[in-house]
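Student: I have a structure open and keep meeting labels I would like to understand. Could we go through a few of them together?
Tutor: Happily, let's look at it side by side.

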Amino acid sequence: MYDAIVVGLGGMGGAIAYHLARRGRRVLGLDRLAPPHDAGSSHGMSRIIRQAYFEDPAYVPLLLRAYELWEALARDAGETLLVKTGGLMIGTPDSAIVAGSTESARRHGLSYRMLSPEDVGRWFPAFRLEPHEVAVYEEAAGVLFPEKAVAAHLRLARAAGAELRLNEPVESWVAGPSSVSVRTTAGRYQAERLVLAAGAWNPKLLGGFFPMEVERQVSLWFRPAERPDWFEENFPVFIWDRGDEPALYGLPGLNGEGIKAGLHHGGQRGDPDRLPREVTPEDIEPVQRLLARRLPLLDPEPRRAAVCLYTNTPDLHFLVGPHPDHPAVLLAAGFSGHGFKFCPVIGEAVADLVEGKERRDLALFDPGRFRAGQGRS
Ligand SMILES: Cc1cc2nc3c(=O)[nH]c(=O)nc-3n(C[C@H](O)[C@H](O)[C@H](O)COP(=O)(O)OP(=O)(O)OC[C@H]3O[C@@H](n4cnc5c(N)ncnc54)[C@H](O)[C@@H]3O)c2cc1C
């Protein structure tokens with residue numbers, strides 16, 4: 001009998017297993033593969049982290065704690081996991097990304113600067129803004145290294161006593177009021193609590209109870225054709241609002257891999273085991289077209305490409321908390337393409353929930369808002 005079984009040991013599950021094990025909880029972690037791997041949502045060498053959160057100011061306290069926990073993890077792992085590069089949130093002044101970022105920053109007293117196209121041209125000459133656009137510059141924004149972070153959480157979870165079984169898929173689970181039973185391809189296990197952190201496979205494990213959709217996303221890596229110095233030192237992460245069209249985002253290649261760019265949403269939706277894994281010219285052309293105007297000194301031919309999966313809820317906010325019909329089952333699901341930066345704080349918050357504590361305000365993520373068939377959209 002374990003205190004908790006964690007299903008899925010990617011970005012979220014690894015962090016949850018680590019926080020539980022550190023507290024001396026008997027924890028069993030199960031994964032169908034051997035993370036870090038490139039089949040789910042936590043690969044592709046880099047992730048954006050930022051504080052002035054346009055998605056909702058309610059995320060900011062979690063982000064401030066996430067920064068502390070990333071630093072602590074990096075210290076314990078003896079590795080660099082977060083590099084502050086600064087970040088530009090670009091769009092028209094009233095766009096969701098610019099207005100939302102400034103609203104979050106103002107409400108939580110975060111420091112930022114509003115830059116005109118000329119300012120951006122002086123500070124970050126690789127970027128070309130339209131005359132009617134502005135940029136919110138946040139110095140605290142930066143890059144995380146997802147594969148290294150997943151490996152660090154799993155290594156330290158094991159060292160703290162977690163039992164981690166890899167390449168052992170969970171086939172089904174049954175929950176009573178105060179205990180759960182899990183069946184895998186290799187056996188059956190029991191625990192007081194079950195945590196479902198299976199990323200793009202959570203919808204299947206939850207039998208379609210919550211309205212979640214898996215979306216294919218493509219990341220592309222580009223090298224500068226000219227002025228490589230503009231893309232090496234002093235190149236920030238960025239998200240470019242395009243109104244109703246998917247935003248364009250990008251990150252510096254801190255290990256020489258080139259600038260990574262992609263579209264946030266707008267991908268094909270479907271079964272995570274069936275979505276195409278190969279990258280086609282139709283994936284590449286829209287990003288090339290956008291970069292040609294906005295970062296014109298990049299060579300348009302991508303050097304590398306990767307397919308990754310988002311798991312979206314209808315309101316694009318997370319699902320974290322108890323299953324409305326099974327209080328012994330906790331969800332860490334529906335991260336809607338913006339979860340990675342939160343891994344350690346979700347790990348801490350879910351470990352609290354397993355222990356019956358609630359230190360963080362998780363109301364925005366309440367799974368009860370999407371009871372079967374009643375999901376807001
Ligand atoms: C292209 C792309 C760019 C992104 N950019 C950002 C960004 O810049 N900033 C940011 O904060 N977030 C970003 N995200 C989102 C973020 O990466 C995800 O929200 C986060 O990685 C989700 O982690 P997870 O633990 O839910 O999923 P995963 O890390 O995929 O983990 C799920 C695990 O569950 C396992 N599993 C599945 N089924 C079973 C089963 N039946 N039994 C046992 N194990 C199972 C899988 O093998 C996997 O290891 C991005 C995502 C993508 C795809």
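Student: Why is Asn312 called buried?
Tutor: This is a predicted model, and in it Asn312 has a relative accessibility of 3%. Buried means under 20%, so Asn312, at 3%, counts as buried. You will find Asn312 in strand E17.

Student: What makes the pairing of the Asn312 and Glu215 side chains a polar contact?
Tutor: The two side chains come to 2.7 Å. A polar contact needs a pair of N or O atoms within 3.5 Å, one able to donate a hydrogen and the other to accept it. The 2.7 Å pair is within that limit, so it counts as a polar contact.

Student: Is His265 buried or exposed, and how do you know?
Tutor: Its relative accessible area is 15%. The limit for buried is under 20%, so His265 is buried. His265 sits in the loop between strand E16 (259-264) and helix H8 (281-294).

Student: What makes the backbone of His265 worth a remark?
Tutor: His265 has a positive phi of about 80 degrees, although it is not a glycine. Most residues other than glycine have a negative phi.

Student: Leu316 has a positive phi too, I think. Which class of accessibility does Leu316 fall into, and why?
Tutor: Yes, the phi of Leu316 is about 65 degrees, and Leu316 is not a glycine either. Its relative accessibility is 34%. Partly exposed lies between buried, under 20%, and exposed, over 50%, so Leu316 counts as partly exposed. Leu316 belongs to the loop between E17 and strand E18 (319-323).

Student: Why is the peptide bond from Pro35 to Pro36 called cis?
Tutor: Its omega is near 0 degrees. Most peptide bonds are trans. Pro36 lies in the loop between strand E2 (27-30) and E3.

Student: Now the ligand: which backbone atoms approach it?
Tutor: A polar backbone atom of Met12 is 2.8 Å from a ligand oxygen. Ligand nitrogen atoms are 3.0 Å from a backbone N or O atom of Arg32 and 2.9 Å from a polar backbone atom of Val170. Taken alone the ligand exposes 1000 Å², and the protein buries 96% of that.

Student: Which element gives the largest share of the shell around the ligand?
Tutor: That is E17, with three residues. By class, the shell has 16 nonpolar, twelve polar and four charged residues.

Technical notes. Residues are numbered from 1 along each chain as its sequence is written. This is a predicted model: local features need pLDDT of at least 70, side-chain atom pairs count only at pLDDT 80 or more; totals for chains, interfaces and linings use all residues. Side-chain values use heavy atoms; hydrogens and water are left out. Accessible areas come from the Shrake-Rupley method with a 1.4 Å probe; for residues, only the protein chains shown count as cover. Helices (H or I, at least four residues) and strands (E, at least two) are DSSP runs, numbered from the N terminus. Ala, Val, Leu, Ile, Met, Phe, Trp, Tyr, Cys and Pro count as nonpolar, Asp, Glu, Lys and Arg as charged, and the others, Gly among them, as polar. Buried means under 20% relative accessible area, exposed over 50%, partly exposed in between (1.4 Å probe, protein chains only).
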